[in-house]
Each structure stands twice: as C-alpha cells, then as structure tokens.
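Please report on the fold, core, pocket and backbone of the model below. Keep it brief.

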Amino acid sequence: MSRAHAKAQVTGDDVRRIALALPDTTEKIAWSMPTFRVAGKMFATLPEDETSIAVRCPKVERDELALAEPDKFWIADHEAMFAWVRARLSALDAAELEVILADSWRQAAPTRLLDAYPELGLPPAS
C-alpha cells in the first residue's frame with residue numbers, strides 16, 4: 001500500500017477529542033480506565049493500553065461486525081452478554097472512529113439530546 005493510501009492510525013487522544021466533542025459528554029475513570037458518558041450514561045470505554053475501544057452496538061450488528069471484520073472488531077468475553085463491541089484503534093481512521101463513536105453516543109443519548117442535535121441523528125439509509 002502506498003503512503004498516500006495508508007490510514008493514519010488513531011490514538012486514545014483521538015478517542016477523547018472526538019468523544020468529548022459530542023454534546024453533553026463527560027469522561028470518567030471507572031474500572032481503572034477512561035469511560036465516556038452522555039448525560040451520565042456510558043457509551044464508550046478506552047480499555048487496556050488504549051489500543052482499542054469498546055462501544056455500544058446492538059447484538060445482531062455486533063455479531064455481524066465481528067464475523068465480517070475480525071481484524072477490526074471483536075467481542076470481549078466479559079462483554080458477550082451485553083450489547084458492546086470492541087474495535088482496534090490500529091484498524092480505524094479518524095473518519096471511521098467519528099462514525100463509530102457518534103453511533104454509540106446515539107444509542108445512549110436521551111431523546112432531548114437527539115432532538116436538539118438532529119445532525120447527530122440516525123445516518124441516512126444506504
């Protein structure tokens with residue numbers, strides 16, 4: 001792959017910058033790791049050594065992602081019963097990280113925020 005087509009690897013700092021730019025989002029340390037919350041409800045974590053993120057994802061979509069792109073997405077054993085998926089930061093670019101975090105934010109955000117920020121509403125059907 002040429003340098004022009006190589007993805008710029010995202011970092012934990014990119015996760016923080018993008019997550020905290022979403023409305024009513026705060027960062028809180030829980031389980032010895034940064035977590036990101038909208039109106040107090042968690043929508044992302046930055047576990048381990050900040051090489052991945054965990055985000056909300058409906059179980060059916062989560063399972064499909066993990067099967068379709070196992071180098072990018074996986075389900076942590078302790079999260080298998082919950083609607084969360086992990087993503088490797090090394091496999092994402094900034095644009096994809098923005099989409100993933102906004103999607104997780106939408107799943108946790110209260111209706112008042114979804115109504116106040118329609119540009120962060122559901123993505124258009126493809």
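The report covers the sheet, the core, the pocket and a few single residues.

This is a predicted model, in which local features need pLDDT of at least 70, side-chain atom pairs count only at pLDDT 80 or more, and totals for chains, interfaces and linings use all residues. Residues are numbered from 1 along each chain as its sequence is written, and side-chain values use heavy atoms, with hydrogens and water left out.

**Sheet.** Six strands form an open sheet in the order 1-2-3-4-6-5, with antiparallel pairing. Strands are DSSP runs of E (at least two residues), helices runs of H or I (at least four), both numbered from the N terminus. Two strands pair if DSSP finds at least two bridges between them. Strand 1 (25-30) and strand 5 (73-74) are the edge strands, each pairing on one side only. Strand 3 (residues 41-45) and strand 4 run antiparallel and are joined by two bridges. Thr45 stands opposite Ala54 in strand 4.

**Core.** The largest nonpolar core has 26 residues; Val15, Phe43, Ile53, Leu89, Leu97, Leu101 and Trp105 touch the most other members. Such a core is a set of buried Ala, Val, Leu, Ile, Met, Phe, Trp, Tyr and Cys residues joined through side-chain atoms within 4.5 Å. Helix 3 gives this core its largest share, five residues. Leaving aside neighbours within four places in sequence, Leu97 is in contact with Val10, Asp14, Val15, Ile18, Ile53, Leu89 and Leu92. Contact means heavy atoms within 4.5 Å.

**Pocket.** The largest pocket holds about 250 Å³ of space. A pocket is an open set of points on a 1 Å grid over the protein atoms alone, where a 1.4 Å probe fits, with protein on both sides within 12 Å along at least five of seven lines; lining residues have an atom within 4 Å of a point. Of its 13 lining residues, Cys57, Glu61, Leu65, Ile100 and Asp103 are the closest to the centre. Strand 4 (52-56), helix 2 (59-68) and helix 3 (94-108) each give two or more residues to the lining.

**Single residues.** Buried means under 20% relative accessible area, exposed over 50%, partly exposed in between (1.4 Å probe, protein chains only).

| Residue | Place | Relative accessibility |
|---|---|---|
| Val99 | helix 3 | 55%, exposed |
| Glu48 | loop between strand 3 and strand 4 | 55%, exposed |
| Glu50 | loop between strand 3 and strand 4 | 30%, partly exposed |

Most residues other than glycine have a negative phi. Phi of Glu48 is near 50 degrees, a positive value. Phi of Glu50 is near 60 degrees, also positive.

Terms used. Grid points are joined across faces, edges and corners, and a volume is the space filled by probe spheres set on the points.
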